[in-house]
Amino acid sequence: MFSGSVQPSIVSLFSSTGSQPLSLFSVGVDSTLPSDSFVQLLSDATSLPAPPAPASLTSLPRTFGGENADEPCTGKHIRQTVLHIQSPTLRTTFIQCPPFLSPRVSDKGLELKHTWLQIQVRNLGREWSFEVGVVDKAGREGVIRCSTFQKCPAVGRNFSSVPVLHLPLAFPSSSNLLTPWSTITLHLPKFISYFASVSRGQQLQDDTRDDGVTSSSFHPLLPGGTYSHLTYVKIYATCRLRRIWLSDRAPSAEAPSPWEFELYGD
């Protein structure tokens, strides 16, 4: 999709405050759950406008310390429009970039070579997951899937037989935090080697025999070596999103993100 374009140092894939925030995305909802499966732009501070009937918003968790530590609150909001993604069936409600069946998308997907991915997300106290597709220099594909319900790292395969690296994800748990909003940062090249190491660990556990002999073999098509590019980003229910962007430098005080990428409370 972007292989023939000049790729600046920062590429914003999604901004909830943009004029067409989902122009690069497909949206999926669970049609069998019209009251609880939807994707809606709304104000984070007021949760308005309400979704069309019969849909209804989930209640916001009161797990953050207010002025009185004995009185939990929902935490500091941001006074901006955000994207609310909600469903009890996590896998069927999502947004994905690039969009399905787009004439602008090649077989290789986004083909963005940036090494850092950042997602600004609000914890809604329900299970949540996101995934990204990556490719190494040898052309081997893989999926990195981070989930709040995953207990330990594992490697599996999706319906297309592409290796999937399952990783546990946890929001900050302290009750003294000011806000449920977080910025998740992934250094994509770092995870390429995890496919083999996690798979090897599974083999060591699964293939141990009574005589103590183990096998450390793993599937030869697992990604490995040098990271090449990103193919897609997919965000599942349930969460609120403000921004998704890619950069070629690690976030730091010396190289901060543009001011409009920062989170500002009400």
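This passage describes a predicted model, moving from its sheet to a central strand, the nonpolar core, the aromatic rings and one asparagine.

It helps to begin with the sheet as a whole. Seven strands, written as 7 in the count, form an open sheet in the order S2-S7-S14-S9-S10-S12-S11, and the pairing is mixed. Strand S2 (26–28) and strand S11 (154–157) stand at the edges. Each of these two has a single partner strand, so one side of each is left without a neighbour in the sheet. From one strand to the next, the twist averages 25°. As general background, strands of a sheet pair through backbone hydrogen bonds, in either a parallel or an antiparallel sense.

Strand S14, which covers residues 227–236, is a good place to look more closely. In the sheet order, S14 sits between S7 and S9. Pairing with strand S7 (residues 94–97) is antiparallel and runs over 4 bridges; here isoleucine 95 stands opposite isoleucine 235 of S14. Pairing with strand S9 (residues 129–136) is likewise antiparallel, over 7 bridges. On that side, valine 134 faces leucine 230 of S14 as its opposite residue, while valine 135 has histidine 229 as its bridge partner. How many residues of S14 are buried? The count is 10 of the 10, so the strand is largely enclosed by the rest of the structure.

Serine 228 offers a polar example within S14. With a relative accessible area of 11%, serine 228 falls under the 20% cut-off and therefore counts as buried. The side chain of serine 228 makes a polar contact with the side chain of histidine 229, at 2.8 Å. Beyond the neighbours within four places in sequence, serine 228 is in contact with Lys113, Val135, Asp136 and Lys137. Val135 thus appears twice in this part of the model: as a contact of serine 228 and as the bridge partner of histidine 229.

The nonpolar side of the picture is next. The largest nonpolar core holds 42 residues, and those touching the most other members are Leu13, Trp128, Phe130, Leu230, Ile235, Leu241 and Ile244. Helix H1 (residues 188–206) gives the most to this core, with 5 residues. Leu230 and Ile235 of this list have already been met in S14, opposite valine 134 and isoleucine 95 respectively. Isoleucine 244, with neighbours within four places in sequence set aside, is in contact with Val11, Ser12, Leu13, Phe14, Phe25, Leu117, Gln118, Ile119, Val233 and Ile235. Leu13 and Ile235 in that set are also on the list of core residues with the most member contacts.

Aromatic rings add further detail. The count comes to 5 aromatic pairs. One of them joins tryptophan 128 and phenylalanine 130 in a tilted arrangement, 5.4 Å centre to centre with 35° between the planes. Both of these residues are buried. Ring pairs also link Trp128, Phe130 and Phe171 into a cluster.

Phe171 leads on to asparagine 123, which touches Pro61, Phe171 and Pro180 when residues up to four places away in sequence are not counted. Asparagine 123 lies in strand S8 (residues 116–123). Is asparagine 123 buried or exposed? At 17% relative accessibility, asparagine 123 counts as buried, because the cut-off is under 20%. The side chain of asparagine 123 reaches the backbone nitrogen of glycine 125 at 2.8 Å.

Notes
Residues numbered from 1 in each chain as written. Predicted model: local features only at pLDDT ≥ 70, side-chain atom pairs only at ≥ 80, totals over all residues. Heavy atoms only, no water. Buried < 20%, exposed > 50% of the residue type's maximum accessible area, 1.4 Å probe, protein only. Polar contact = N/O pair within 3.5 Å; in protein donor to acceptor, adjacent residues only side chain to side chain. Contact = heavy atoms within 4.5 Å. Pairing = 2+ DSSP bridges. Core = buried A, V, L, I, M, F, W, Y, C linked by side-chain atoms within 4.5 Å. Axes fitted to C-alpha atoms, helices over the stretch in contact; angles between N-to-C directions. Phe/Tyr/Trp six-rings, centres within 6.5 Å; stacked < 30°, edge-to-face > 60°.
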